[in-house]
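Let's take a walk through this one together, strand by strand. Have the model open in your viewer so you can follow along.

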Amino acid sequence: MANEQLGILADADIAALFEVGALKSARPLDDDQIQPASLDLRLGTKAYRVRASFMPGRDTPVIDKLERLKLHEIDLTSGAVLETGCVYIVPLLESVHLPQELSAAANPKSSTGRLDIFTRVIVDGAQEFDKVPAGYQGPLYLEVSPRTFPIVARTGSRLSQIRFRQGRSQLDEAELAVLHERETLVASETPNISGGGIALSIDLSGDENGLIGYRGKHHTSVVDVDQRNAHDLYDYWEPIYDRGARELVLDPDEFYILVSREAVHVPPDYAAEMTPFDPLVGEFRVHYAGFFDPGFGHTAAGGTGSRAVLEVRSHEVPFILEHGQIIGRLIYEKMLHRPSALYGSERGSHYQAQRLKLSKHFR
């Protein structure tokens, strides 16, 4: 990889990092662990229950803070329950030894966000969550805090993902406009391109049955994060239907699964990400799981009509969402190389061609 090249590393580039020792793991990789533009991260053998979330701070190893703040250790090798409202720190199986030209950023996996599991990657000396500075060499830790459902997790469970980046490759607004004109990034005749991204709005019109979303129930049983189609959705979710108003009152600290009005398209040579919560658009947080891989919504990969599923939580005060209201922005970055296989049919990806869809754990 030449230093003058800029972009997000693709699957073959990530595999090459393992070959040269820039990425290491305590056990062999899972077959599908390397994604088109990211690597899934796996929980290690122990979880540490801590009093509160923390930032290690400059020159401070995470383990030093853990020794002071941990309440007890939990063995994850056979699986363990992680309770709602608690904060856990888990050393990950993967570690990094990045060259100076590479940095990385992490995000919850889509299924993690749809379960309302709050996760953040922490590194030694960190002053920001989910950021791995260029040239960092050391362990990776994951902060895990289930918000709505208690979960069962174990060594090897994959809750977070990491993207590697060479230089700065984000498209500016002029480049976004050109790419949208050529590739139709969001299905809108009047795209709102500002703030470095392209806007998405909320769909509250409902499907053929009037369903507009789901609200998480309280006091449920556990969700096993490694089992697909294992749980009845009505035991965990309350369906929400449109009654003609095309609006939804978000109650404080309730968790909602909603869907974007626009279909989303990520061309094969680009990766996208939902930008963090913006207080200018309202008192709510949208989309914990922000990564959109190359090929998401791409017709050739079976993605025609793919919507962005939105994990929404209001804070402090009730907030009224109205149909068509802007709820987030997508930023796009160039790939260093095109992935060998795109998100979608080539990988059996769970959320390609999705509309309103819960995580893969529910039947």
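According to its unreviewed UniProt entry, residues 6–167 carry the feature "domain: 2'-deoxycytidine 5'-triphosphate deaminase N-terminal". Keep in mind that you're looking at a predicted model. Over that stretch, residues 6–167, the chain is 44% strand and 14% helix. Now check the two ends of the stretch: their C-alpha atoms sit 5 Å apart.

Next, go to strand β3, which covers residues 39–42. Which of its faces are covered? Both are. On one side you'll find Leu39 and Leu41, on the other Asp40 and Arg42, and all of them are buried. So much for the leucines; the charged-looking names deserve a click too.

What does β3 pair with? Its partner here is strand β13, residues 158–166, and the two run antiparallel with four bridges between them. Click on arginine 42 and look across: arginine 158 of β13 stands opposite.

Now move along the chain to strand β20, residues 255–263. How many of its nine residues are buried? Eight of them are, which leaves the strand mostly covered.

β20 has antiparallel connections to two other strands you can trace. Strand β16 (residues 211–216) is joined to β20 by two bridges, and there tyrosine 214 has isoleucine 257 of β20 as its bridge partner. Strand β24 (residues 307–314) is joined to β20 by six bridges, again antiparallel. To find that pairing on screen, pick tyrosine 256 and look for valine 312 in β24, which stands opposite.

Definitions and conventions
Residues are numbered from 1 along each chain as its sequence is written. This is a predicted model: local features need pLDDT of at least 70, side-chain atom pairs count only at pLDDT 80 or more; totals for chains, interfaces and linings use all residues. Side-chain values use heavy atoms; hydrogens and water are left out. Buried means under 20% relative accessible area, exposed over 50%, partly exposed in between (1.4 Å probe, protein chains only). Two strands pair if DSSP finds at least two bridges between them. UniProt positions are given in the numbering used here, feature names are shortened, and annotations may be inferred rather than shown by experiment.
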